[in-house]
Amino acid sequence: MVSHPFCIASLALLAPFVASQGPAALSRSDKQLKLVLHPGPISKAVGEQLLEHCWQAARSVPGFMKKERVHIKKPLSIEIYAEKAAYLAVEKERSPHAFSGGEFCDATNRTAHISMLPLLEKSYAAIGLPPQTRNSVVRLTAKLVAMQYDGCKHDTWLADVFSYGVLDELTNATREWGIDPLFDQRANIFKARTETG
Amino acid sequence: MLAEQKKRGWRKKLLKRPPKRKKNQGNGDVRKVVLSRVLGKDWAKTEAAFARMVKASETKWLARFQVTGRIGDRIVLAGTNKDPAEIKFTGELPAGDFTVSARVTLEEVSSRKAIRVLFTGSDSRIRGIIFHAGSIYISDWRNDKWHDVAKCKAAIETGKPFEFSIEMGSSIRVKVDGKQAIEHQADTTKYRTGLYFAINDSLGWLENIRIEAVAPANK
């Protein structure tokens, strides 16, 4: 059957289509959130580990905001890219910003896109999700939630203020200095601006 | 940051419908009204409180290059060959002799397995104390490469935590797990402008980082 000329020609036509797909995306979802990890060259086993860490990071946000009865009104999507080229292609098409930033929110489609920081495969296996990427997942999930409310719907700056507040409370609620370079970093920016005016 | 200082409920207040924009009101005006719900209406008081908070913040680290951050109770540094990971100490280095100490674990993620402690000087000089699996190097960074000035063997293994201390005094004295590993004569006063931890193509965990002045010896 396969040796029939028609079958061979059909298979030949399909080959470039199959080759261009790349590694399959990994995903996880529930009624409120959908998370997609585009793993690029990362192995499936490490990809599954990273997906689980991303999921925990994203799910920490609605759980945290439930206490104040702030809810996810419509389902949100978070897409994370292990390969920078794949992220840049999406950013070029959909980012509302004029600059390339490594992450952005597409409010129209209620989706955040995040470029994961590059690491050796064994480093991913040892540490899981890079802390900066974890922070991005938490912060942009919070930002997307904020953008569903009247207070921030038409002002992404306020949505950013909201999202950084959530991030700081989730990552360092007691505001302890010197234990997390990324937390200190945010204050360093304010210090520098205060000094320069 | 300031929102966390105030009473709970800031999230709900920030998300409420903003007031209708008045004629001649810009984005900044509307934002002030929204933020006033959480921070209060006295903006002079808010700005003063913010300035005090920023001044009082005792930040210690600048994340210069990723990947770094906190995982559990440890700071991680993870770099590739192309992308280093680096943090800079932003506190004040002691005026006289001092010691830098920490507990480090190097992971086996590539053939490199090393972490650098860097001291910089005012004339762009950089001296590195580089802890490798099995050895320690004292090196200078010049013309885009490391030039070794001293080295020794050391009981450092991947996956096994070790305590190091580097005393910057009349010489550079390096200890591993309490035992002296190497001493190198140097004018350490030339390396007092900056302190960094850096990694390339490796992964390291840092705990209990201490920078302590060394009490002068009694005459």
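**Figure 1. A:Cys152 is a buried cysteine in a predicted model****.** The relative accessibility of A:Cys152 is 0%, so the residue counts as buried. The cut-off for that class is under 20%. Across all chains of this predicted model, the search finds zero disulfides. A:Cys152 is accordingly in no disulfide. The nearest cysteine sulfur belongs to A:Cys105 and is 12 Å away. A disulfide would need the two sulfur atoms within 2.5 Å. In chain B, B:Cys152 has a relative accessible area of 16% and is buried.

**Figure 2. Chain A combines eight helices with five strands****.** Along the sequence the elements run α-β-β-α-β-α-β-β-α-α-α-α-α. The chain holds 197 residues, and 48% of them are buried. Among contacts in chain A with a separation of 6 or more, 58% join residues 24 or more positions apart. About 10100 Å² of chain A is exposed. Carbon and sulfur atoms supply 58% of that area.

**Figure 3. Chain B meets chain A through 47 residues on one side and 45 on the other****.** The 47 residues belong to chain B, the 45 to chain A. Together the two chains bury about 4300 Å². Of this buried area, 65% lies on carbon and sulfur atoms. Nine residue pairs make polar contact between chain B and chain A, both residues at pLDDT 80 or more. Several elements of chain B each supply at least two residues to the side that touches chain A. The helices among them are α1 (2-5), α2 (10-15), α3 (27-39) and α4 (43-56). The strands are β1 (61-65), β2 (68-71), β3 (74-78) and β14 (203-213). α2(B) gives the largest share, five residues.

**Figure 4. B:Arg31 and A:Asp155 form a salt bridge between the chains****.** Their side chains meet with an N to O distance of 2.8 Å. The interface of chain B and chain A has two salt bridges by the rule used. This pair is one of 24 salt bridges found over all chains. Side chains of opposite charge can pair when their charged atoms come close.

**Figure 5. B:Glu86 and B:Arg64 pair between two strands of chain B****.** The closest N and O atoms of this salt bridge are 2.5 Å apart. B:Glu86 sits in strand β4 (residues 85-89), B:Arg64 in strand β1. The two residues are 22 residues apart, and the pair links distant parts of the chain. Which partner is buried, and which is partly exposed? B:Glu86 has a relative accessible area of 9%, so it is buried. B:Arg64, at 38% relative accessibility, counts as partly exposed.

**Figure 6. B:Arg103 and B:Glu207 tie strand β5 to strand β14****.** The salt bridge has its closest N and O atoms 3.6 Å apart. B:Arg103 lies in β5 and B:Glu207 in β14, so the pair ties together parts that are 104 residues apart in sequence. B:Arg103 counts as partly exposed, at 31% relative accessibility. B:Glu207 is partly exposed as well, with a relative accessible area of 22%.

**Figure 7. B:Arg210 in strand β14 reaches B:Glu163 in strand β10****.** These residues form a salt bridge, with the closest N and O atoms 3.8 Å apart. Strand β10 covers residues 162-168 of chain B. The pair links distant parts of the chain, 47 residues apart. B:Arg210 has a relative accessibility of 25% and counts as partly exposed. B:Glu163, at 26%, also counts as partly exposed.

**Figure 8. Four residues of chain A join in one salt-bridge network****.** The members are A:Glu103, A:Arg139, A:Lys143 and A:Asp160. Salt bridges that share partners connect them.

**Figure 9. B:Thr105 is a buried residue of strand β5****.** The strand spans residues 98-107 of chain B. B:Thr105 has 5% relative accessibility, so it counts as buried. What does B:Thr105 touch, not counting residues up to four places away in sequence? The neighbours are B:Arg74, B:Gly159, B:Lys160, B:Pro161, B:Leu203, B:Gly204 and B:Trp205.

Conventions
Residues numbered from 1 in each chain as written. Chains lettered and ligands numbered in written order. Predicted model: local features only at pLDDT ≥ 70, side-chain atom pairs only at ≥ 80, totals over all residues. Heavy atoms only, no water. Helix = DSSP H or I, 4+ residues; strand = E, 2+ residues; numbered from the N terminus. Buried < 20%, exposed > 50% of the residue type's maximum accessible area, 1.4 Å probe, protein only. Contact = heavy atoms within 4.5 Å. Areas by Shrake-Rupley, 256 points an atom, 1.4 Å probe, with all protein chains shown as cover. Buried area = accessible area lost by both parts, 1.4 Å probe. Polar contact = N/O pair within 3.5 Å; in protein donor to acceptor, adjacent residues only side chain to side chain.
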